[in-house]
Amino acid sequence: MADLTRYTAAETASAIATGEVSAVEVAQAHLDRINAVDEKVHAFLHVDTDGALEAARAVDAKRAAGEELGPLAGVPLALKDVFTTKGIPTTAGSKMLEGWRPPYDATVTRRLKEAGVVILGKTNMDEFAMGSSTENSAYGPTGNPWDLSRIPGGSGGGSAAALAAFEAPLAIGTDTGGSIRQPGAVTGTVGVKPTYGSVSRYGLIAFSSSLDQGGPCARTVLDTALLHEAIAGWDPMDSTSINAPVPAVVAAARHADVKGMRVGVVKEFGGEGYQAGVMQRFNESVELLRSLGAEIVEISCPSFTYALPAYYLIAPSECSSNLARFDAMRYGLRVGDNGERSAEEVTALTREAGFGPEVKRRIMLGTYALSSGYYDAYYGSAQKVRTLISRDFDRAFGDVDVLISPTTPTTAFPIGERADDPMAMYLADLCTIPSNLAGNAAMSVPCGLAPEDNLPVGLQIIAPALADDRLYRVGAAVEAALNDKWGHPLLEEAPAL
Ligand code: GLN
């Protein structure tokens, strides 16, 4: 095999299983790649060289002993720095947790280890997953491998950039309002927000507990499916975990056939405010699905117009409560403890120094929205909108199998362009937020480059809760048809770093 960083996870796993390459060689090739390019990309906050090589050696030893290997054994992965990793720094992109080494593994981390996946390190992210560009990281921004002066999306920009820069074939993200799908869209990679409750939140540092969902990211739909099956499933350690069988997403990714499927185009997403090249590639994808035998219907979901304001009340409200635990007593940072100040003073000084501006903005917004006298007007109204959004989805899925839209209104914007304009930043998640509020499953799959800037465009596919398999069926069909059309996968077009 030539450059080991260019293969898919499926190809890599099978080459390791047959003995064509060793897991250690694969891990070393990716560590070398990280050494060569990550100074420019800054996808990683922490690279665990020793841990990765040790995990790879364990896979090779298992194979040598004739033991059966799982479908992803020996495949390297980049883990968003919001999942706890025992003994390995976990910061959630915040100064508040600088130097913290968790005493336990998140369930996702544990499952990856049990699957023989080789965790290369922890990826950069917006502080506490609040943002759409990774510029809110306390450790500096990540560059988009397509154009290092542009954002890789957020909050999981590090994970998406690691994939697009061939630093890892697999990555894990979390999606509260779009943080897996939007980075996927702007880096030309695949990202899935599974049905809420199907991937455990145990050990996932909480932003907005009723919306947060971990999920798989990769360069191909099949690889994403393999990772999905490795991390999903009931977990007694998470009270919102769903005790239901994981949909057969790998089989669906291998069954790339949309003949007879009913596909709804969301009327509210598109038109004014959307970049022309994004709409062009989206409209072509609609025609492509039609030519593959899908039945296309236009669907109106009027309440989606209110999803963004509802989200920006609900998510900050939950964050104001979740982030109260960072009190300078229990974790990480402690500022101003000179033996004379009161605990309250130390807490205040620590939160002042430890949180960045966006996190502070959200804590204040959420605290206000939850305060007595305003609770019904703000939080209560937002929860009612949330119900209306779920009803719009229910109605739509009574008529169609999946819904589609552009993943984002624009391609990757320049670093700095929206940094001082929170509203412009929030608009990046216009199309992704409804699925978080309703808890259903959604994917972003690359659908070409926008002609005006040659940057990747994402197609969003949305399925009902617990029908995640439909995402993979449709996503794999689009991926295969586009590869046929252009004769190569989209990422082959990415400029060399
Ligand atoms: N960009 C959205 C926000 O800032 C979504 C973030 C996420 O999904 N974690 O809240």
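**Exercise 1. Where is Tyr374 found, relative to α12 and α13?**

Solution. Two remarks on the source come before the steps. The model is predicted, so local features need pLDDT of at least 70 and side-chain atom pairs count only at pLDDT 80 or more, while totals for chains, interfaces and linings use all residues. Residues are numbered from 1 along each chain as its sequence is written, and side-chain values use heavy atoms, with hydrogens and water left out.

Step 1. Tyr374 is found in the loop between α12 (357–370) and α13 (376–397). Helices (H or I, at least four residues) and strands (E, at least two) are DSSP runs, numbered from the N terminus.

Step 2. Tyr374 has 36% relative accessibility and therefore counts as partly exposed. Buried means under 20% relative accessible area, exposed means over 50%, and partly exposed lies in between (1.4 Å probe, protein chains only).

Step 3. Together with Tyr368 and Tyr378, Tyr374 forms a nonpolar surface patch of about 290 Å² accessible area. Patches are made of residues with over 30% relative accessible area and no salt bridge; like charges are joined within 9 Å, and nonpolar side chains (Val, Leu, Ile, Met, Phe, Trp, Tyr) within 5 Å. Accessible areas come from the Shrake-Rupley method with a 1.4 Å probe, and for residues only the protein chains shown count as cover.

**Exercise 2. State the strand order of the sheet and explain which strands stand at its edges.**

Solution. Step 1. The sheet is open, has 11 strands and mixed pairing, and runs in the order β1-β3-β2-β4-β6-β5-β10-β11-β9-β7-β8. Two strands pair if DSSP finds at least two bridges between them.

Step 2. β1 (44–47) and β8 (295–299) each have a single partner strand, so one side of each is left without a neighbour in the sheet.

Step 3. From one strand to the next, the twist averages 30 degrees.

Step 4. Helix α2 (residues 23–41) lies across β1, β2 (76–80) and β3 (118–123), and runs at about 20 degrees to β3. Axes are lines fitted to C-alpha atoms, for helices over the stretch in contact, and angles run from 0 to 180 degrees between N-to-C directions.

Step 5. Helix α9 (residues 276–291) also packs on the sheet, where it touches β7 (262–266), β8, β9 (402–406), β10 and β11 (455–463). The direction of α9 makes about 150 degrees with that of β9. Contact means heavy atoms within 4.5 Å.

**Exercise 3. Describe the surroundings of Gly191 and Thr189.**

Solution. Step 1. Gly191 is in strand β5. Strand β5 (residues 190–193) pairs with β10 (residues 441–450) in the antiparallel sense over 3 bridges, and Gly191 stands opposite Ser444 in β10.

Step 2. Gly191 counts as buried because its relative accessibility is 0%. Leaving aside residues up to four places away in sequence, Gly191 touches Ile180, Arg181, Pro216, Cys217, Ala442, Met443 and Ser444.

Step 3. Thr189 sits in the loop between α6 (181–187) and β5. Thr189 is buried, with a relative accessible area of 1%.

Step 4. Among the residues that Thr189 touches, with those up to four places away in sequence not counted, are Ala160, Leu163 and Ala164. These three are listed among the buried residues of α5.

Step 5. In helix α5 (residues 157–164), 8 of the 8 residues are buried, so α5 is largely enclosed by the rest of the structure. Phe166, which follows α5, has a positive phi, near 60 degrees.

**Exercise 4. How many salt bridges does the structure hold, and how does the pair Asp392 and Arg395 lie in the chain?**

Solution. Step 1. The structure holds 19 salt bridges. A salt bridge is a side-chain nitrogen of Lys or Arg within 4 Å of a carboxyl oxygen of Asp or Glu.

Step 2. Asp392 and Arg395 meet in a salt bridge at 2.4 Å, N to O. They are 3 residues apart in helix α13 and so are separated by about one helical turn. Asp392 is buried, with a relative accessible area of 5%, whereas Arg395 is exposed at 58%.

Step 3. Arg262, Glu295 and Asp399 are joined into one network by salt bridges that share partners.

Step 4. Asp105 forms a salt bridge with Lys113, with the closest N and O atoms 2.8 Å apart. Lys113 is partly exposed, with a relative accessible area of 44%.
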